[in-house]
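Here are my notes on the model, point by point. Please read them with the structure open.

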Amino acid sequence: MEKNFIGERITSLRLNEGISEYKLSKNIGKCNNYINKVASGSITPTLDSLLAICEYFGITLAQFFQDESTSVSLTAEKIIAIVPHISEDKLQSLLTIVNSLKE
């Protein structure tokens, strides 16, 4: 794992969602430039802060530390997390839609 993996991973997640460092900082209850400091490597987030960041993005801590090049996209992971809460007939409909998209 690279030295500034955490900062780079947060930046990647943030850019994928289209939110600013300021907005993420405020949404996790931190000062305005908190995420900027983490992204630049000048500070390391506490476990509680890292968990708040993961919660904000709807991912687990394990997903946060997965290698992005070998993992499923964040959007796909969010879909997978919802699947257990969908009824069987709605899952069949979803499967039909997904199959039509891959063609």
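**Notes on the predicted model**

1. Glutamate 21 is partly exposed, at 21% relative accessible area. Its partner is arginine 14, and the two form a salt bridge. The closest N and O atoms of that pair are 3.9 Å apart. The cut-off for a salt bridge is 4 Å, so the pair counts. Arginine 14 is buried, with a relative accessibility of 10%. Please keep in mind that this is a predicted model.

2. How many salt bridges does the structure hold? There are two. Besides the pair above, lysine 78 bridges to glutamate 17, with 3.0 Å between the closest N and O atoms. This pair links distant parts of the chain: lysine 78 belongs to helix 6 and glutamate 17 to helix 1, 61 residues apart. Lysine 78 is partly exposed at 29% relative accessible area. Glutamate 17 is also partly exposed, at 37%.

3. Helix 1 covers residues 5–17. Its geometry checks out: at 1.5 Å a residue, 13 residues should span 18 Å, and the end C-alpha atoms are 18 Å apart. Just after helix 1 comes glycine 18, which takes a positive phi of about 70°.

4. Which residues of helix 1 are buried? They are Phe5, Gly7, Arg9, Ile10, Ser12, Leu13 and Arg14. An α-helix has 3.6 residues a turn, so residues three or four places apart point the same way. The buried residues of helix 1 pack against five partners: helix 2 (21–27), helix 3 (34–40), helix 4 (47–57), helix 5 (61–64) and helix 6 (74–82).

5. Leucine 13 deserves its own entry. The residue sits in helix 1 and is buried, at 1% relative accessible area. Leaving aside residues up to four places away in sequence, leucine 13 touches Phe57, Ile59, Phe64 and Leu74. Take phenylalanine 64: 51 residues separate it from leucine 13 in sequence, yet the C-alpha atoms are 9.0 Å apart.

6. Now for a pair with a wider separation in space. Threonine 75 lies in helix 6. With a relative accessible area of 56%, threonine 75 is exposed. Asparagine 36 is 39 residues away from threonine 75 along the chain, and their C-alpha atoms are separated by 24 Å.

7. On cysteines: the structure holds zero disulfides. Why is cysteine 31 unpaired? The closest cysteine sulfur, in cysteine 54, is 19 Å from the sulfur of cysteine 31, too far for a bond. The cut-off for a disulfide is 2.5 Å between sulfur atoms. Cysteine 54 is likewise in no disulfide. Are these two cysteines buried or exposed? Cysteine 31 is partly exposed, with 43% relative accessible area, whereas cysteine 54 is buried at 2%.

8. Last, the surface. Ile79, Val83, Leu94 and Val98 make a nonpolar patch of about 280 Å². Valine 98 belongs to helix 7, which runs over residues 88–101. At 42% relative accessibility, valine 98 is partly exposed. Patch residues need over 30% relative accessible area, so valine 98 clears that bar.

Note on methods. Residues numbered from 1 in each chain as written. Predicted model: local features only at pLDDT ≥ 70, side-chain atom pairs only at ≥ 80, totals over all residues. Heavy atoms only, no water. Patch = residues over 30% accessible without salt bridge, like charges linked within 9 Å, V, L, I, M, F, W, Y side chains within 5 Å. Areas by Shrake-Rupley, 256 points an atom, 1.4 Å probe, with all protein chains shown as cover. Salt bridge = Lys/Arg side-chain N within 4 Å of Asp/Glu carboxyl O. Helix = DSSP H or I, 4+ residues; strand = E, 2+ residues; numbered from the N terminus. Buried < 20%, exposed > 50% of the residue type's maximum accessible area, 1.4 Å probe, protein only. Expected span 1.5 Å × (residues − 1). Contact = heavy atoms within 4.5 Å.
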